[in-house]
Every structure is written in C-alpha cells, then in structure tokens.
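Here are some quick notes to go with the model you sent round. Have it open while you read.

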Amino acid sequence: MFKLPVFEGPDFKEEKYIKMPAVKTEAVEIKGVAPEDFYLTSHMPTYYKVGDQWILPKHNSINCVAVVKDGDVVVTELRDLEVGDQVVLGHERNGSEGILLYKEGFPDSVYQQKGWAVESSFSEKYDQLFELMEHERDNGGYIVWVLGPSVVFDFDTRNSLNKLAENGYINCLLGGNAMCTHDLEGGFLNTALGQNIYTQENVPLGHYNHLDLLNEVRTTGSIKKFIEDGNVKDGIIKTLNDMDVPFVLCGSVRDDGPLPEVYGDTDKGLSATKEHLDKATLIITVATMLHSSSVANMASGYRVREDGSITPVYMYTVDITENVVNKIAAARENMAFTPIVTNAQDFVVNCERALIQVADKEFQMEGKIEEKEYIPGKMDQGEGEI
C-alpha cells in the first residue's frame, strides 16, 4: 500500500514554546497595502502564536502576509488585504516573535535533493510519480495539471491527455490562451498554429487557422457553446468540458483574441487559479515557465486532509530546458518538488502508458514492495528502473 509522509508538529507543551511571545499585528490602513514590518510568508509549514495557541494556517504560500482573523490565521495575498485586517509583524522565524517555521515536521525526503541534471536518469522519478498519481486519484486527491501550448501540438500527446482525464488523473487544468486556442484548433481544423497535428506539416494558409478558430468561438460566445454545437471533434479541452472538469485560462498582454473564457484581469485570474490550487494535492506542470512559476509561488506547500493529517503538496515540473526546472525549484523553495528534464510529449505519453495500458503497468509494478513511503530521488534496493 502506498504511503504519503505525514507532518508531525512540535510538542507545544514544552516550556520553550510556552514562554515564546504571541505575534504582534497591525491593522491595514489602505486596501491592498500591508503595514511596515509585515512578515513575509514561506512555503514551509509555519506556526503563529495567537494568544497562547500555536496555529498552523490551512493553506500557505510564498511572498504573502499572515492575517489574524477570528482567532485563526489566514495567509493572504497583499492585493487582497482589506482595511482593518490584522497583519502579523516580524522577521524572525524561530519563535522569538511568535512565528515558528517548522520544516522539521516533514521527513528530509520531502525536500528536493540537489544534484540532478539533464544527464541524470529519471526512471525512478517516473515510478514515484505514477504511484503518487494513483494514490491521489483513489484517495480523494486533487490533481492539477498546468500545460503550455506545445503539449497540444502533437497527435499522440493529445490522445494521452484525453485518456488520463477520462481515467480520473486530471481534476483541474490551468493554462493560457494559446494552449486552449491551439487545442481547439486541433479539434476544429486538425492543425495547431497551422501545422497538421499528426504529420507536423504546414498546411496552405495555415497561419490563419488559429485566428479563424478564435473568430468562430468569439462569434459563438463561449468555448462551452462552441463545443456543444459540435464544432470540436477531440482534444483535452473538449474532454474536460464534456466531463465537467474545471479549467482556468489566464491571459497575457500578447494574446490573440483572446478566447471568451480567458481572464484578462490579472487579479481575477490569480484568484480563480488560487481557488483550485488551495484544493491541490499534486501539481504537474509541463512546458510552461510562466505558468509554472506562477503556480509554484501561489500553491500551498501542504494540504490538510479530511482526516486532519497534513501532507505535502507535491509538484512536478517537466521541461526540456534544465534552467526552467531549476528556476521553478527555487520558486518552490525545493519543498516537495521534483524536476524532470525531458520532452513534454514523451512525458505525457509515458504517463498514459504506465497508468492506463494494463500490460505496461503490470510490467512496471512487478517486484514492488507492498508498502513504502514516497521518497523523491531515492529507490529501495532491489527495485529496477524502467
């Protein structure tokens, strides 16, 4: 049986914790502006002493503020601060100001071990991801995928994404205007950016195709209506729409169109994204530095499960460029983070083969022990690589 590492907090009955002071707070005077000397939050599990109680927020995030509200602590984006909010002040994380960063609550295995490079073998990381995906699907998890546009340019990749969604391995999709536009273009005109998604050949006047698609969707009024009218034969967006699986699309200043559902208001887009990231138990980002970095910053480092246990929110970032995954690792503070340097299309197809194609799955799982703790970057002796 697969087993996730569980957070164990300190014993706050110890005298040293009892003697530590409560946090100091100051009220917000201007909407969206924090008081001076505010505490800047981390992905690491952090307790705040309110009165004589040590409180671990339900969610956390990097580069935010902690607000004391109704006896609880809520980690809040600066832009969401309201006048009167009581913001925690301080800079020390050792408890001397009522703020205790406690990364020791998770085993060392949760934190990324450095030294992985493009030349490294990633076979064991695939194995661990497959087990984690199955565990989250079967135990009430919430698997969030973050996709760049290159992922939907390939016939096999689009098919694999559909199968992963149909089998419960995608609970939410985050992306931008381009990813959705080219996926819909593939289902509408069989091209992505004017290139045949199967032969990879450019079609005559293909550079018009994605703009034709945008015009058609905008004329219809919504992605949902465009799909319901029978204009899209396949693709991950169609599959998620038909299954009523949510997707959030955030725009940028250079978007063509954009599609009607794309958030042009940055604040609203971030809030919609955060709503799903707060549910996330596993995040997989593929071939998008911009969206991966945004998600890495916003997503909580841990999740409080229904049974009260606290587990890490694991994040996998897949990119062909080593610098990209290293950048995302830094944004994630190397917590519960796994980089995979590989081709995006190969990664998605490998996931589908391992998780859905029964013969391959049985071959991969042969010889596995029955119960093990998930340990990134490590394999038990006797386990073979793919």
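Which residue of β10 does W145 stand opposite? W145 faces L173 in β10; more on that strand pair below.

First, the ground rules. This is a predicted model, with local features needing pLDDT of at least 70 and side-chain atom pairs counting only at pLDDT 80 or more, while totals for chains, interfaces and linings use all residues. Residues are numbered from 1 along each chain as its sequence is written, and side-chain values use heavy atoms, with hydrogens and water left out.

1. Start with strand β9, residues 143-147 (strands are DSSP runs of E, at least two residues, and helices runs of H or I, at least four, numbered from the N terminus). Five of its five residues are buried, meaning under 20% relative accessible area with a 1.4 Å probe, protein chains only. I143, W145 and L147 point one way, V144 and V146 the other. In a regular strand, side chains alternate between the two faces of the sheet.

2. β9 has parallel partners. Five bridges join β9 to β14 (residues 282-286), where I143 sits opposite L282. Three bridges link β9 to β10 (residues 172-175). Pairing here takes at least two DSSP bridges.

3. Going from β9 through helix α3 (residues 155-166) to β10 gives a right-handed β-α-β unit: with the strands pointing away from the viewer, the path from the first strand over the helix to the second runs clockwise.

4. Now look at helix α11, residues 344-355. Nine of its twelve residues are buried, including F347, C351 and E352. At its start, a side-chain oxygen of N343 comes within 2.8 Å of the backbone nitrogen of Q345.

Definitions and conventions
Buried means under 20% relative accessible area, exposed over 50%, partly exposed in between (1.4 Å probe, protein chains only). The expected span of a helix is 1.5 Å times one less than its number of residues. A polar contact is a pair of N or O atoms within 3.5 Å; within protein, one must be able to donate a hydrogen and the other to accept it, and residues adjacent in sequence count only if both atoms are side-chain atoms.
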